[in-house]
Amino acid sequence: MRRSTGVSAVLIVAVLVLGFVVGVVVGSSGRSTVTVTETFRTLVTTTEVVGRTVTLTETVTQTGGQIGAVCFSRTMDCASIIISLIDSAQQGVLVAVFSFTSNPLADALIRAHRRGVEVRVVIEMEQANVRGSEYERLRSAGVAVRLDGNSDLMHHKFMVVDGRVVVTGSYNWSAAAEDRNDENIVVIYGEEIAALYSREFERVWARAS
């Protein structure tokens, strides 16, 4: 009976996620802005996994936002979208990114810093000294930049602008992501979603150095 309950909970989560993805795809094909509002109930189940009892708990409160843009690199200019958002920032820009080797994106952050916007960046430690890394350049320009403190990988690729806009996806801030890889970004407008990403950024920032 417990195994059946566990399977049911997993199916519920899968249906919710599938519904969200389908809604985004259908909505984005018919209009430029998609409203995203999801409500998840608390799911608690106990099941047997390889002889061990595992309790799965999923609690997510309602969040709302609007998808303002979806971009696929190689075929579209994703860097320009990110740059335009940085250039529009008035209060703060938070960036957590695995690899950062893009000169145009670094230029945009430096411009924002010089006009008084709070800019903070966390980069994966293993990527700090790779060829073309923007780490030292950002530091030299006075941008607050840290290397992550995770002993494994900090694999995030997201940005929060002014506490209300989130850019996320697979896209690293690199020339390869823009010109060679198949990558994507999604731009989400919404203070609640931005608050979730900001909280995660602060957690990573506190462990970084």
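Let's start with a word we'll need: a residue is buried when its relative accessible area is under 20%, exposed when it is over 50%, and partly exposed in between, using a 1.4 Å probe and protein chains only. Take Ser99: at 10% relative accessibility, Ser99 counts as buried.

Before going on, a quick note on what we're looking at. This is a predicted model, where local features need pLDDT of at least 70, side-chain atom pairs count only at pLDDT 80 or more, and totals for chains, interfaces and linings use all residues. Residues are numbered from 1 along each chain as its sequence is written, and side-chain values use heavy atoms, with hydrogens and water left out.

Now the overall picture. The protein chain has 6 helices and 10 strands; here helices (H or I, at least four residues) and strands (E, at least two) are DSSP runs, numbered from the N terminus. Of its 209 residues, 42% count as buried. When I say contact, I mean heavy atoms within 4.5 Å. Among contacts in the chain with a separation of 6 or more, 72% are between residues 24 or more positions apart.

Back to Ser99, which sits in the loop between β5 (92-97) and α3 (103-114). Which residues is Ser99 in contact with, leaving aside its neighbours within four places in sequence? They are Gln127, Asn172, Trp173 and Ser174.

Trp173 brings us to the next stop, as it is one of the residues that line the largest cavity. Rolling a probe the size of a water molecule over the atoms shows where empty space is left. In detail, on a 1 Å grid over the protein atoms alone, a cavity is a set of points where a 1.4 Å probe fits but cannot get out, and lining residues have an atom within 4 Å of a point. Grid points are joined across faces, edges and corners, and a volume is the space filled by probe spheres set on the points. How many cavities of 30 Å³ or more does a search of the whole structure find? The search finds 1, and the largest cavity has a volume of about 40 Å³. Two elements, β8 (157-161) and β9 (165-169), give two or more residues each to the lining. The largest share, 3 residues, comes from β8.

Between those two strands there is a loop, and Asp162 is found there. Most residues other than glycine have a negative phi. Asp162, though, has a positive phi of about 55° and is not a glycine. Is Asp162 buried or exposed? At 16% relative accessibility, Asp162 counts as buried. Arg74 also has a positive phi, near 75°, and lies in the loop between β4 (63-72) and α2 (78-88).

Last stop: helix α6, residues 191-207. The expected span of a helix is 1.5 Å times one less than its number of residues. For the 17 residues of α6 that gives 24 Å, and the end C-alpha atoms are 24 Å apart, which agrees. Its buried residues are Ile193, Ala194, Ser198, Glu200, Phe201, Val204 and Trp205. Seen down the axis, they fall within an arc of 165°, so they line one face of the helix; the arc is that of the directions from the helix axis to the C-beta atoms. The face turned away from the buried side carries the exposed residues Arg199 and Ala206. Ala195 is in α6 too, and at 42% relative accessibility Ala195 counts as partly exposed. The C-alpha atoms of Ala195 and Gly163 are 6.6 Å apart, with their positions 32 residues apart along the chain.

Terms used. 1 Å grid on protein atoms, 1.4 Å probe; cavity = no way out; pocket = protein on both sides within 12 Å on 5 of 7 lines; lining within 4 Å.
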